[in-house]
Amino acid sequence: MDVEDELPTAPAPADGGESSHALVSGDQFDVEAYAAQYSGRTRVARLLFIAEKCGSEQMRLDALRLAYDWALKGEDTALHRDVSAKIAGRLGPRYAADQPWSDAVERRALLRKDKLDSELNVYRTNLIKESIRLGYNDLGDFHYAQGHLSDAFKSYIRTRDYCTTSKHVVQMCLNVILVSIELGQFMHVSNYVIKAEQTPDDMDPITAAKLRAAAGLAYMETNKYKLAARKFIETGSELRSNYSEVIAPQDVAVYGALCALASFDRSELKSKVIDNYNFRNFLELVPEVRELVNDFYASRYGSCLGYLEKLKSNLLLDMHLHGHIETLYKDIRHKAIIRYTFPFISVDLNLMAVAFQTSVSLLEKELAALITDNKIQARIDSHNKILYASHADQRNATFQRALQTGNEFERDVKSMLLRANLLKHDFSQKAAERKV
């Protein structure tokens, strides 16, 4: 496959429905502490996302100020101009577009590009595979720093033909994954995670943790929440801040917990999340998430949903989680309702509405939708506000299973007796010998 065929394109701008999300308040959200968890281009990207989605003018300006300062530490002049344009003079002249800085960076970049191209041409002439690989790698790093993501992707992919060890292959995959995440091309992320994990040599724990975190992010972005939960839960605690250019350990805890609550059954939640020592290390970083997981498992649904509601405004400021919050919250809530009703023959909707912090009318609508989707076997008495479970006749079902087991046993015994009698009387048919 040619590099051009595999080259991803930047994601299309969101349509009117996506851009019309209500701005969120982000109460008690420390922008500076949040941004400090990340490094590289993702720090600026997350700050710009907060500035776009946050309803607080002060927080928006704080995010833009931090983004401006961090952009000046890089080499992406287009990003610097974009941040300056978003500030639009609201932070004073100090935060205007710095044209002399941009001109100096672009002059250095032009000289650096010429040097890298010349060195690569020499390496290709001499046919030294390792030098060619390093040359393409340096060129990819250069384009990535400049914000030319498509060119960076192309250069990293070209190192593939010059990798001579498993370590080289893994490095190539990690570079491609980094660029693909920023481009929003999560199919490439999944493919190159698999490619890296298939290398024959043992992988160091930090690299393995990075790959699992990237895979979890790719699955979450494609709405495969159960697979995403498994990958986040499998992420080793060695990750720490070693992948801050993509994800923070706190993100692993939040993403993994929410995806698990929305997709795991009760036994999976217990064995893979609550009793998982490795993942518990991540949950300790976000106590509210740890508590809501424990509350959900302990059937304290009111407390669990309360934690979720408190966290919602902050989670909506996460660039990867923002588009999935409503779906995940709905799935978690529906799962809680199903588990609440399952043990009972009848449920008082007034008491249930209090437990789920909603009105009886809204609860009726939720229950009706779940009954229609065949997720709850029940009927609603709207007059008396009672939910009656439509449990199957357990007595009849037990008799039917016993009868079926007896019939299967009788059939198996008859088959065994027939075979024993055939062997006893040497009654067997042998294939006729072929005549030559």
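This passage describes a pocket and a small group of paired strands in a predicted model.

Within the predicted model, the second largest pocket encloses about 500 Å³ of space. The lining of this pocket is made up of 20 residues, and those that lie nearest its centre are F29, Y34, Q37, V286 and N314. Several helices contribute to the wall, with at least two lining residues supplied by each of α3 (31-35), α14 (249-263), α17 (287-297) and α18 (301-315). Of the elements involved, α14 provides the largest share of the lining, namely four residues. When the lining of the second largest pocket is sorted by class, twelve residues are nonpolar, while four are polar and four are charged.

A second feature of the model is an open sheet of three strands, which are arranged in the order β1-β3-β2 and pair in the antiparallel sense. Strands β1 (346-348) and β2 (378-381) form the edges of the sheet, each of them pairing on one side only. On average, and with direction ignored, neighbouring strands of this sheet are turned by 20° against each other. The antiparallel pairing of β1 with β3 (residues 386-389) extends over three bridges, and in this region D348 has I386 of β3 as its bridge partner. The sheet is also packed against by helix α21 (residues 360-372), which touches both β2 and β3; the direction of α21 makes an angle of about 150° with that of β2. As a general point, the strands of a sheet pair through backbone hydrogen bonds, in either a parallel or an antiparallel arrangement.

Definitions and conventions:
Residues are numbered from 1 along each chain as its sequence is written. This is a predicted model: local features need pLDDT of at least 70, side-chain atom pairs count only at pLDDT 80 or more; totals for chains, interfaces and linings use all residues. Side-chain values use heavy atoms; hydrogens and water are left out. On a 1 Å grid over the protein atoms alone, a cavity is a set of points where a 1.4 Å probe fits but cannot get out, and a pocket is an open set with protein on both sides within 12 Å along at least five of seven lines; lining residues have an atom within 4 Å of a point. Grid points are joined across faces, edges and corners, and a volume is the space filled by probe spheres set on the points. Ala, Val, Leu, Ile, Met, Phe, Trp, Tyr, Cys and Pro count as nonpolar, Asp, Glu, Lys and Arg as charged, and the others, Gly among them, as polar. Two strands pair if DSSP finds at least two bridges between them. Axes are lines fitted to C-alpha atoms, for helices over the stretch in contact, and angles run from 0 to 180 degrees between N-to-C directions. Contact means heavy atoms within 4.5 Å.
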